[in-house]
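Please look at the sequence and the structure shown below, and keep both in view while reading this report. The sections that follow go through the packing of the chain, one topic at a time.

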Amino acid sequence: METDLVSRLDEAATRFVIPLRMNKGLDEQALLRLQEEIDSCGTAWRNETHVPNRAALILAELHPAIEACAWLYEGES
């Protein structure tokens with residue numbers, strides 16, 4: 001089950017970030033899916049003493065990946 005959660009998180013993060021990198025804008029459905037997967041992981045691991053390494057890397061890389069795309073959208077409202 002842990003592998004399934006991490007795989008779904010990875011897929012959701014990829015589906016959200018790639019359109020941003022490709023300058024296609026914000027995919028609201030992809031964002032919603034990513035939020036749902038993050039919530040699922042939080043629920044599953046709430047009482048655990050650790051988060052799987054792969055999941056921690058995915059979550060840690062989300063902010064820099066999104067931030068790296070910000071210059072593509074400067075001046076847009």
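## The nonpolar core

In this predicted model, the largest nonpolar core has 18 residues, and of these L9, F16, L34 and W45 touch the most other members. The elements that each give two or more residues to this core are α1, α2 and α3, and among them α1 gives the most, with 8 residues.

One of these well-connected members, W45, can be followed through its neighbours in space. Leaving out residues up to four places away in sequence, W45 touches E2, L5 and V6, and also V51, P52 and A55.

## The first helix

Helix α1 runs over residues 2-21 and so has 20 residues by the numbering of its DSSP run. From its first C-alpha to its last, α1 reaches 28 Å, which is close to the 28 Å expected at 1.5 Å a residue. The buried residues of α1 are L5, V6, L9, A12, A13, F16, V17, P19 and L20, and they pack against two other helices, α2 (28-45) and α3 (53-69).

In reading such a list of positions, it helps to recall that an α-helix has 3.6 residues a turn, so residues three or four places apart point the same way.

## How the first and third helices meet

Two packed helices are described by the angle between their axes and the distance between the axes. For α1 and α3, the angle is about 10° and the axes are 10 Å apart. Because angles under 35 degrees count as roughly parallel, α1 and α3 are roughly parallel to each other. On the side of α1, the contact is made by V6, S7, L9, D10, A13, F16, V17, L20 and R21, while α3 takes part through R54, A55, I58, L59, L62, A65, I66 and C69.

## Two buried residues of the third helix

What does A55 touch, not counting residues up to four places away in sequence? A55, which lies in helix α3, touches V6, L9 and W45. With a relative accessible area of 0%, A55 is buried, since buried means under 20%. A55 and C41 are 14 residues apart in sequence, and their C-alpha atoms are 8.7 Å apart in space.

L62 is also found in helix α3, and L62 is buried, with a relative accessible area of 10%. Its neighbours within four places in sequence left aside, L62 is in contact with A13, V17, L34 and I38. Along the chain, L62 and T14 are 48 residues apart, yet the separation of their C-alpha atoms is 9.3 Å.

## The loop after the first helix

Helix α1 is followed by N23, whose place is in the loop between α1 and α2. N23 has a positive phi of about 60° although it is not a glycine. Is N23 buried, exposed or partly exposed? At 43% relative accessibility, N23 counts as partly exposed, because that class lies between the 20% limit for buried residues and the 50% limit for exposed ones.

## Cysteines

How many disulfides does the structure hold? The number is 0. Two cysteines can nevertheless be described by their surroundings: C41 is buried, with a relative accessible area of 3%, and C69 is buried, with a relative accessible area of 4%. C69 is also one of the residues through which α3 makes its contact with α1.

Definitions and conventions: Residues numbered from 1 in each chain as written. Predicted model: local features only at pLDDT ≥ 70, side-chain atom pairs only at ≥ 80, totals over all residues. Heavy atoms only, no water. Disulfide = S-S within 2.5 Å. Buried < 20%, exposed > 50% of the residue type's maximum accessible area, 1.4 Å probe, protein only. Helix = DSSP H or I, 4+ residues; strand = E, 2+ residues; numbered from the N terminus. Expected span 1.5 Å × (residues − 1). Contact = heavy atoms within 4.5 Å. Core = buried A, V, L, I, M, F, W, Y, C linked by side-chain atoms within 4.5 Å. Axes fitted to C-alpha atoms, helices over the stretch in contact; angles between N-to-C directions. Parallel < 35°, antiparallel > 145°, perpendicular 65-115°, else oblique.
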